[in-house]
Amino acid sequence: MELRVLKYFLTVAREENITKAANLLHITQPTLSRQLMQLEEELGIKLFHRGRHNILLTEEGMLLRRRAQEIVDLTEKTEKELIHSEEMVSGEISIGCGETQNMKPLCEIMASFQEKYPDVAFHIYTAIADDVTERLENGILDMGLLLEPVEVSRYHFARMPLEEKWQVLMRKDCSLARKDNISPEDLANMPLIIAKRQSVRNLLENWFSDRVEKIRIASTFNLSHNNESMMVESGMGLALVMEFACNNEALCLRPLNPEIASGCVLVWKKNQTRSLAMTCFINYVKTFLTM
C-alpha cells in the first residue's frame with residue numbers, strides 16, 4: 001500500500017463522495033476511482049458500498065480507515081521530527097490524556113517549557129487509558145497522562161502531584177444528597193453509571209467489598225463529564241466519577257466513605273528513540289515535579 005493511496009482512501013472515507021474527494025485531491029474522478037479499485041484488489045476485500053450519490057465504508061473499510069489514519073499520523077510525526085535540526089529544540093510532542101485534574105499541573109509544565117523552548121508545539125489527544133496506551137505502543141503518542149490503576153511496567157513515568165478522589169454524582173433531589181458522604185451500603189441496588197475500564201471496575205468492586213453482588217449497573221461511560229451529567233440529570237442513575245468542578249445546578253457531588261483516591265502518572269515508553277524536544281521535555285518534567 002502506498003502512502004499516497006492511503007491518503008486518497010481517507011479523503012474519500014471522510015467526504016463519502018468520489019467527486020468531492022477528487023476535487024479536494026486535485027485529481028480526476030476516474031483516476032481516483034481506479035486507485036480505490038486497485039487498493040481493493042491489492043487487499044482482496046471490498047472497502048466501500050457504492051451508491052448513486054455517496055460511497056460508504058464496509059466493516060473492513062472502517063478497520064482500514066483507523067489503521068490508515070494511524071499510519072499517516074505516524075509518518076507525518078516522523079517527518080516533522082526529522083526536518084528539525086538537532087541543534088535547535090523544536091518539533092511536536094504528542095500527549096494522550098483522560099479527564100483528570102492533573103491536566104492543570106501538566107499545562108503549567110507545558111507553558112513553562114514553551115517559555116524556554118518556544119519552537120516546541122504540543123498536541124493533546126483526549127481518550128480513555130486503553131486507547132492512549134495503544135497509541136503509545138504504536139508510536140503515535142509520545143507520552144500518556146494515565147489515572148491509576150494502570151500497568152506501568154513497560155514505561156518510564158513521573159508521578160503527578162494531585163490525587164484524584166472518587167465521588168458520587170447525583171441529582172440534588174436524590175435522598176442521598178442529604179448525606180455528607182456515601183458508603184457501599186448506600187449504593188446497594190441503586191442504578192449506577194460507572195467507567196467502562198475493567199481496572200476501574202475492579203477498584204470499585206473492591207470498595208463495595210461484601211456488597212459487590214448488590215451492584216446494579218445502569219450504564220457505562222468512557223469520557224465526558226457532560227455526558228455523565230446528562231445521564232444523571234435524566235434519572236438514569238448515580239455516577240461514580242472522579243472529582244470535578246460540577247457547574248450543573250441540578251446536580252451535586254458527594255465523597256465516598258471509605259475514601260478512594262487514585263494517583264496519576266505521566267508515562268513514556270522505555271527503550272525508544274526520542275527526539276531532542278522529547279528528551280528535553282522529559283528532563284524538564286522531572287525537574288519541575290521535584291521543585
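So, Arg171: at 30% relative accessibility, this arginine counts as partly exposed. Its salt-bridge partner is Asp173, and the closest N and O atoms of the pair are 2.9 Å apart. Asp173 itself is exposed, at 57%. Keep in mind that this is a predicted model, okay?

Let's stay with charged pairs for a moment. How many salt bridges does the count come to? It comes to 17. Another one links Arg211 and Asp210, with N to O at 3.6 Å. On the accessibility side, Arg211 is partly exposed at 30%, and Asp210 is exposed at 65%.

Now have a look at helix α4, residues 59-83. The side chains of Glu70 and Arg67 meet there in a salt bridge, 3.0 Å from N to O. Why can those two reach each other along the helix? Well, they sit 3 residues apart in α4, so about one helical turn separates them. And the general rule behind that: an α-helix has 3.6 residues a turn, so residues three or four places apart point the same way. Is Glu70 buried or exposed? Buried, with just 9% relative accessibility to its name. Arg67, on the other hand, is partly exposed at 33%. This pair also belongs to a network of salt bridges, which links Arg66, Arg67, Glu70 and Glu134.

Okay, on to another helix. In α8, residues 198-208, the buried residues include Val200, Leu204, Trp207 and Phe208. These four cover an arc of only 100° around the axis, so they lie on the same side of α8. What covers them? The elements doing that include β7 (164-171), α7 (184-187), β8 (191-195) and β10 (238-242). And right after the helix ends, you get Ser209 with a positive phi, near 55°.

Next, the strand I'd like you to zoom in on: β13, residues 264-269. How many of its 6 residues are buried? 6 of them. As a reminder, in a regular strand the side chains alternate between the two faces of the sheet. In β13 both faces are covered. Cys264, Leu266 and Trp268 are on one side, Val265, Val267 and Lys269 are on the other, and all of these are buried. Yes, that list has a lysine in it, Lys269.

Which strands pair with β13? One of them is β5, residues 143-147, which runs antiparallel to β13 and is joined to it by 4 bridges. If you want a place to put your cursor, Leu145 stands opposite Leu266. Then there's β6, residues 155-159, also antiparallel to β13, with 5 bridges between the two. There, Tyr155 has Lys269 as its bridge partner. So that buried lysine turns up again in the pairing with Tyr155.

Last topic: cysteines. How many disulfides does a search of the whole structure find? The search comes back with 0. Take Cys97 as an example: the closest cysteine sulfur is in Cys107, 8.0 Å away, which is too far for a bond. The cut-off here is 2.5 Å between the sulfur atoms. Cys97 is buried too, at 2% relative accessibility. Cys280 also counts as buried, at 17%, since the limit is under 20%. And we already met Cys264, one of the buried residues of β13.

That's my tour, so over to you.

How values were computed
Residues are numbered from 1 along each chain as its sequence is written. This is a predicted model: local features need pLDDT of at least 70, side-chain atom pairs count only at pLDDT 80 or more; totals for chains, interfaces and linings use all residues. Side-chain values use heavy atoms; hydrogens and water are left out. Buried means under 20% relative accessible area, exposed over 50%, partly exposed in between (1.4 Å probe, protein chains only). Two strands pair if DSSP finds at least two bridges between them. The arc is that of the directions from the helix axis to the C-beta atoms. Contact means heavy atoms within 4.5 Å. A salt bridge is a side-chain nitrogen of Lys or Arg within 4 Å of a carboxyl oxygen of Asp or Glu.
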